[in-house]
Every structure is written in C-alpha cells, then in structure tokens.
Amino acid sequence: MCGIIGIVAQTAVNQALYDGLTVLQHRGQDSAGMVTAEHGRLYMRKQNGMVRDVFGQQHMERLRGNMGIGHVRYPTAGSSASAEAQPFYVNSPYGITLAHNGNLTNTQALRQALTEDELRHLNTDSDSEVLLNVFAGELQRIGRVKAAHEDVFAAVRAVHRRCRGAYAVVAMITDFGVVGFRDPHGIRPLVIGVRETVLGDEYILASESVAIASGGYRVLRDVAPGEAVILDRLGKLHTRVCADTPQLNPCLFELVYFARPDSIMDSISVHKCRMRMGEKLAHKLRRVWPEHDIDVVIPIPDTSRTAAMQLAAELGLKYREGFIKNRYIARTFIMPGQGERQRSVRQKLNPIELEFEGKNVLLVDDSIVRGTTSQQIVQLARDAGARRVYFASAAPAVRFPNVYGIDMPNPHELIAHGRSEQEVCELIGADWLLYQDLEDLKDAAREGNPAVTDFDASCFDGNYVTGDVDQLYLDHIGQLRSDDAKQLRAVAARDELQIVV
C-alpha cells in the first residue's frame with residue numbers, strides 16, 4: 001500500500017506536496033519521494049525513510065516549479081532498497097515521472113514484452129517501473145513532437161488494455177502537466193480537489209480526501225474507475241473514461257485499516273463506516289453470546305477505536321482506553337519484515353493496569369492478519385491483570401492472499417488460513433474470539449454509497465475481481481513476497497550498497 005499525490009498550481013508546489021505526503025504517511029513509511037518541474041527541468045528527491053527525514057531544507061529549496069508529484073511507499077514487491085523508491089523516471093518520450101499505488105498481476109508478461117519486443121530497459125524489480133514504461137511506450141508509439149490531450153487519453157486506454165491488477169497512478173509529463181488514472185475496477189483510491197486563487201485554479205490528486213482538505217483544497221470527486229484526469233500546466237482540468245467496461249469495486253481493507261478515519265473515499269466516510277462496523281459487530285455478539293460477562297471494552301489503538309466505541313455503546317458496556325501508544329513507532333502491520341513487527345509490539349503499546357486488573361476484557365481490533373501482534377496484545381492484557389481476555393475483530397477472518405497492493409501475499413503467513421475460529425482463538429491465547437461477518441462488513445461500507453455493487457474482498461473470500469488470478473500466480477507471488485524472501489532481498493541490498501561504497 002502506498003500514498004500518491006500530484007499538484008498543478010500557480011505558485012511553487014514543493015511545500016504543498018510535502019504537507020500532503022506527511023498527511024499520507026500512514027500509507028507507507030519505507031520511503032518517500034517527490035519530483036517537480038520548472039521550465040522543462042525536473043527536480044527529484046527520493047530516499048528510504050519517513051517524509052520528515054527524506055526532505056531537508058536543502059532538498060526543498062531545490063524542488064522548484066509549479067507542478068509535481070509525490071509518493072510514500074511500503075514494499076509489497078521488490079525490496080525496501082532505496083532504488084525502488086518512487087517516483088520513477090523515463091526520459092523518452094517527453095520526460096515522464098510516475099508514482100503508483102497498487103500491484104499489477106501480469107507484471108512478468110509485461111516485463112518480457114517491454115524488454116524483448118519494445119527494447120525498453122528496466123532497472124528495478126518494481127511493477128511501478130513496468131507500468132511507467134507501458135505508459136511511456138504507448139505515448140511514444142503515437143509519436144508527436146509534443147504530447148496532446150488526445151494522445152494521453154489514448155495511452156491510458158492502452159494501459160487499461162495491457163495492464164491487469166490494481167493501480168492508482170499520478171504521472172507528470174514535462175511541459176504538459178500531471179495525469180492521474182485509476183484501474184477499471186477502482187480498487188485503489190484516487191481523489192480530485194481544486195483550490196480557487198486570484199491567479200487561477202489549482203488542482204490536486206491524492207490517495208485520500210484528507211490530503212486534499214488539509215491542504216486547503218475543496219474535494220471535487222473521486223476519479224472514476226477506468227478514468228484518466230489531466231491537470232494541464234495552464235491550470236485546466238480534462239477528464240475521460242478510457243476503459244471499455246469499468247466497474248467500481250473498491251478495496252474493503254482500505255476502510256477497515258489503511259485509510260484515515262477523516263477521509264472520504266468513493267463517497268464513503270471511513271469514520272462512519274467504522275461506526276457501522278462496530279454496530280454490526282455488537283449485534284452479532286448479542287446474537288451469539290447473549291449472556292456474556294464482559295466488563296469493559298478496550299480498543300487496540302488506533303484504527304479500531306471508532307468500531308470499539310460504537311460496539312460498547314450498542315451493548316451498554318464501559319469503554320476504556322487501556323493501551324498507551326508510542327507515537328514514534330511505525331504502523332506494525334506495514335513493517336517490511338516479521339521480525340521487526342514482533343519486536344515493535346511491546347515497544348509500541350503499554351497497558352494501563354487499572355483498566356485490566358480483575359476484569360473480563362473485550363479487546364477490539366480492526367482485523368487479525370498474521371496474528372503475532374494479537375497474540376502479544378492478549379498476553380499484555382493478561383500480564384496487566386485481566387481475569388479473562390476476549391477478542392473481537394471488526395473485519396472477517398483474513399484467509400487468502402491479497403494481490404492488489406496489500407502485504408498479505410503468502411497464505412501460510414495468515415493465521416486464519418486453513419484454520420477454524422477456535423483454532424485462531426487458541427493460537428492468539430484469547431478466551432473467546434469474535435469475527436465480523438463479511439456481508440455485515442460490506443453492508444457497513446455500502447451504506448455510505450449504495451452505488452457500489454460489490455467490493456474487492458479477496459483477502460476475506462478469495463474472489464479476485466480482476467478475474468486473472470489463479471493458483472499458479474498465487475504460489476508465485478507467495479514465494480516472491482514471503483517474509484523470508486524479503487529478508488534475503490534486504491540482505492542482498494545491504495551487501496550491494498557496501499560494494500558500491
């Protein structure tokens with residue numbers, strides 16, 4: 001999962017891009033990057049690390065120009081090496097830079113076609129670089145000296161024909177403008193905003209509406225599935241749907257975990273969706289365990305707070321904050337390796353013992369993925385003196401790989417894969433476990449936008465909406481992106497860096 005942003009303004013965009021990336025930091029803490037353009041020149045800075053660490057004053061001063069794009073990343077593919085920090089760049093045609101959120105499912109076939117048939121050079125293992133070269137190759141095939149709007153729309157249409165999977169993209173074409181587009185299923189989010197100034201209109205594209213609103217822009221709407229949006233360098237907006245049969249199937253896990261609660265994506269308020277998740281979880285708890293002995297409901301910060309609070313209100317139970325979070329530890333789920341995730345849990349959370357001692361506690365989390373974090377938190381509650389520890393997940397059991405840009409590629413690393421709820425309960429050490437029902441989760445999301453007929457819920461039900469994912473692909477991607485494989489690539493990257501130095 002990544003965060004992307006693109007701005008075309010009347011004045012310098014470096015600070016606005018920086019501020020937007022900071023707001024999107026929750027979508028990835030592995031690397032950050034930004035590229036701006038002025039008078040036909042590109043200025044880029046990208047590196048591993050948090051936004052605040054990657055961009056110093058000296059870098060910001062060099063990022064000149066009135067248009068640019070930015071990216072924050074966590075690695076679902078490739079490695080966490082800085083060579084795969086985005087945006088990526090190709091000089092031909094026109095000079096194009098691109099930042100991408102999502103994952104292509106036909107990367108290998110595209111890579112082979114690009115290198116063998118189109119003679120394009122690929123420098124990394126990133127599917128984002130593949131996507132950039134597909135887009136650039138299609139523009140070059142048209143062959144104008146200067147890009148025109150029709151050329152860009154035609155190139156995006158060709159990208160939709162050739163690329164499979166999930167992708168929300170911002171790309172900057174030098175001396176032309178910023179282009180944004182979204183895959184034909186709209187799996188990954190992308191939102192448009194505008195700000196009226198005395199010098200003219202300024203436009204922004206971002207992964208979440210919160211990055212738009214916090215920058216003083218007005219949210220216009222979401223980019224539609226299969227749609228291309230051009231923010232030209234003169235400050236004009238041009239749009240066109242470039243896919244033949246688009247259908248909106250946004251990712252459910254965005255609403256469960258990734259998105260900030262103050263965001264609205266595809267007309268669905270993340271905050272209200274999570275409130276409804278808590279309500280529906282409370283209804284299920286009352287149905288399956290009417291004579292429960294829960295004394296207090298405690299959320300596992302931060303994402304589960306809204307659902308936990310609403311669950312407690314529906315059941316008439318006490319809601320208490322029982323864990324204090326260290327704000328200087330990155331989000332555990334999106335850390336690049338299992339070892340780092342395990343080490344960080346006790347550093348990140350510390351229990352308030354008075355809220356646990358002698359009580360039957362219901363812990364509420366947004367989801368249970370690998371289960372290691374849940375296991376350690378249950379033990380933290382016991383060590384703090386809880387008499388019984390119950391656990392509720394605001395999402396259904398995560399049993400299947402996610403291949404659309406979320407780091408759940410290997411089923412054997414998912415605690416619920418091939419296991420019953422009781423077996424998961426025993427593994428995390430809880431006295432009782434409650435999962436949300438999938439249809440209840442979909443209803444909680446769909447109530448915000450009834451026009452969404454279905455969601456990408458592949459990590460819950462194994463149904464891949466792009467229709468091109470088979471067991472052979474799942475086996476391949478599981479081996480490529482397992483924690484063991486990531487550790488090996490990380491070691492190789494460090495060794496390569498030492499050789500270069």
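This report describes the nonpolar cores, two helix pairs, two further helices and one buried loop residue of a predicted model.

**The cores**

The largest nonpolar core in the model has 42 residues, and those with the most contacts inside it are L252, F253 and F460. Two or more residues of this core come from each of α8 (252–258), α9 (270–288), α14 (438–446), α15 (458–461) and α16 (471–480), and α8, with six residues, gives the most. Around F460, once residues up to four places away in sequence are set aside, the contacts include L252 and F253, together with A395, P396, A397, V398 and F400, and also L438 and L441. Separate from this core there is a second one of 32 residues, with V90, L98, V130 and F153 among them. As a general background, nonpolar side chains in soluble globular proteins tend to be buried together.

**Two helix pairs**

Two packed helices are described by the angle between their axes and the distance between the axes. The table sets out these values for two pairs in the model.

| Helix pair | Angle between axes | Distance between axes |
|---|---|---|
| α5 (127–142) and α6 (149–162) | roughly 130 degrees | within 9 Å |
| α9 and α10 (305–315) | about 45 degrees | 7 Å |

Because angles from 115 to 145 degrees fall outside the ranges for roughly perpendicular and roughly antiparallel, α5 and α6 count as oblique to each other. The crossing in which α5 passes α6 is right-handed. On the α5 side the contact is made by V134, F135, E138, L139, R141 and I142, which meet D151, V152, A154, A155, V156, A158, V159 and R162 on the α6 side. Sorted by class, the residues of this contact are 10 nonpolar and four charged, with no polar ones.

The angle given for α9 and α10 likewise makes α9 oblique to α10, and α9 passes α10 in a right-handed crossing. Here H271, R274, M275, G278, E279, L281, A282, H283, L285 and R286 of α9 meet T306, A307, Q310, L311, E314 and L315 of α10. The contact of α9 with α10 divides into seven nonpolar, five polar and four charged residues.

**The surroundings of α10 and α14**

In α10 the buried residues are T306, A307, A308, Q310, L311, A312 and L315, and what covers them includes α9, β16 (296–299), β17 (318–319) and β20. Just after α10 comes G316, which takes a positive phi of about 70 degrees.

In α14, a contributor to the largest core, the buried residues are L438, D440, L441, K442, A444 and A445. These buried residues of α14 pack against α8, β15 (268–269), α9 and α15.

**A buried residue in a loop**

S367 lies in the loop between β20 (360–365) and α12 (372–383). Is S367 buried or exposed? Its relative accessibility is 6%, and S367 therefore counts as buried, since the cut-off for buried is under 20%. Leaving aside neighbours within four places in sequence, S367 is in contact with F253, V256, S393 and A395. Of these, F253 is one of the residues with the most contacts inside the largest core, while A395 is one of the residues that F460 touches. Between S367 and D127 there are 27 Å in space, C-alpha to C-alpha, and the two are 240 residues apart in sequence.

Conventions: Residues are numbered from 1 along each chain as its sequence is written. This is a predicted model: local features need pLDDT of at least 70, side-chain atom pairs count only at pLDDT 80 or more; totals for chains, interfaces and linings use all residues. Side-chain values use heavy atoms; hydrogens and water are left out. A nonpolar core is a set of buried Ala, Val, Leu, Ile, Met, Phe, Trp, Tyr and Cys residues joined through side-chain atoms within 4.5 Å. Buried means under 20% relative accessible area, exposed over 50%, partly exposed in between (1.4 Å probe, protein chains only). Helices (H or I, at least four residues) and strands (E, at least two) are DSSP runs, numbered from the N terminus. Contact means heavy atoms within 4.5 Å. Axes are lines fitted to C-alpha atoms, for helices over the stretch in contact, and angles run from 0 to 180 degrees between N-to-C directions. Angles under 35 degrees count as roughly parallel, over 145 as roughly antiparallel, 65 to 115 as roughly perpendicular and the rest as oblique. A crossing is left-handed if the near helix is turned anticlockwise from the far one by less than a right angle, and right-handed if clockwise. Ala, Val, Leu, Ile, Met, Phe, Trp, Tyr, Cys and Pro count as nonpolar, Asp, Glu, Lys and Arg as charged, and the others, Gly among them, as polar.
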